[in-house]
Amino acid sequence: MGGYRVRVYLAVLAWLPAIPVPATTPRDMLPDRATIETGYTNRDSVEIRLSGSALHPIEGIWQMTGDGAVIAIEQSQPYTSGQTLVSGYRIVLIQSPCRRIRPGTIMGYATQSAKSGRYDAAIYASVDDNGILHRKRRFTLELHDTESRLAFIRHRSDLRIDLRRLIPYLFRVSIATGSDRPRDMDGAIRLFPVSDAAPVNPRYL
């Protein structure tokens, strides 16, 4: 009798429609391969769009410190984790020295952490022959110098990884010498907004 009940229970579960589970981490928000978003082919148009909103501290246009790639970080659709409303941010490529990668490519997603100025993120670490980003990796993003600089810190094991080799489409390809290089040396410098060019939402200070 017990076996019959188990079979009936499993049959009912198989019949029920799948219930989608909301994304709760940046890695969950990021598909296995990058997608393209419209509206990022022109930096000026992105600035105009951002100027119309009260920006969170991480939002804006940034230039990577490696080879000058330009990215936008902009709020995406918020989602609920437990009973907490979480703000998500998409990281989108505007201009890259790698011509294979199209403007508007979503590089990753970030969410607020419990610490002010620090964000959990998932970012693609590789690009294929067709210019499509893939291989998600976890990062911590940290705002520094009155929110004018953004450090990209790769989550790592005991094995040392050089971020500039991990993401060759954004950083110069180089081999680090020694093991004492600070983890927060790689990242981006804010291009927009500068000073009080755009309002900042005080809730997120």
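Student: What makes strand β2 (residues 70-75) and β5 count as paired strands, and how many bridges join them?

Tutor: In this predicted model, 6 bridges join strand β2 to β5, and since two strands pair if DSSP finds at least two bridges between them, the pairing of β2 with β5 follows, with the two strands running antiparallel. Within this pairing, glutamine 75 stands opposite tyrosine 89 in β5.

Student: How do you know that β5 pairs with strand β6 (residues 106-112)?

Tutor: The reasoning rests on the cut-off of at least two bridges, which is met here, as 5 bridges join β5 to β6 and the two run antiparallel. One of the facing positions is valine 92, which stands opposite isoleucine 106 in β6.

Student: Why is strand β5 (residues 88-95) called largely enclosed by the rest of the structure?

Tutor: A residue is called buried when its relative accessible area is under 20%, and 7 of the 8 residues of strand β5 are buried, so β5 is largely enclosed by the rest of the structure. For the protein as a whole, buried residues make up 41% of the 205 residues.

Student: Which helices and strands surround these three in the sequence, and how many are there of each kind?

Tutor: The protein has 4 helices and 10 strands, and along the sequence they follow the pattern α-α-α-β-β-β-β-β-β-β-β-β-α-β.

Student: What share of the contacts between residues at least 6 apart in sequence joins residues at least 24 apart?

Tutor: With a contact taken as heavy atoms within 4.5 Å, that share comes to 56% in the protein.

Terms used
Residues are numbered from 1 along each chain as its sequence is written. This is a predicted model: local features need pLDDT of at least 70, side-chain atom pairs count only at pLDDT 80 or more; totals for chains, interfaces and linings use all residues. Side-chain values use heavy atoms; hydrogens and water are left out. Buried means under 20% relative accessible area, exposed over 50%, partly exposed in between (1.4 Å probe, protein chains only).
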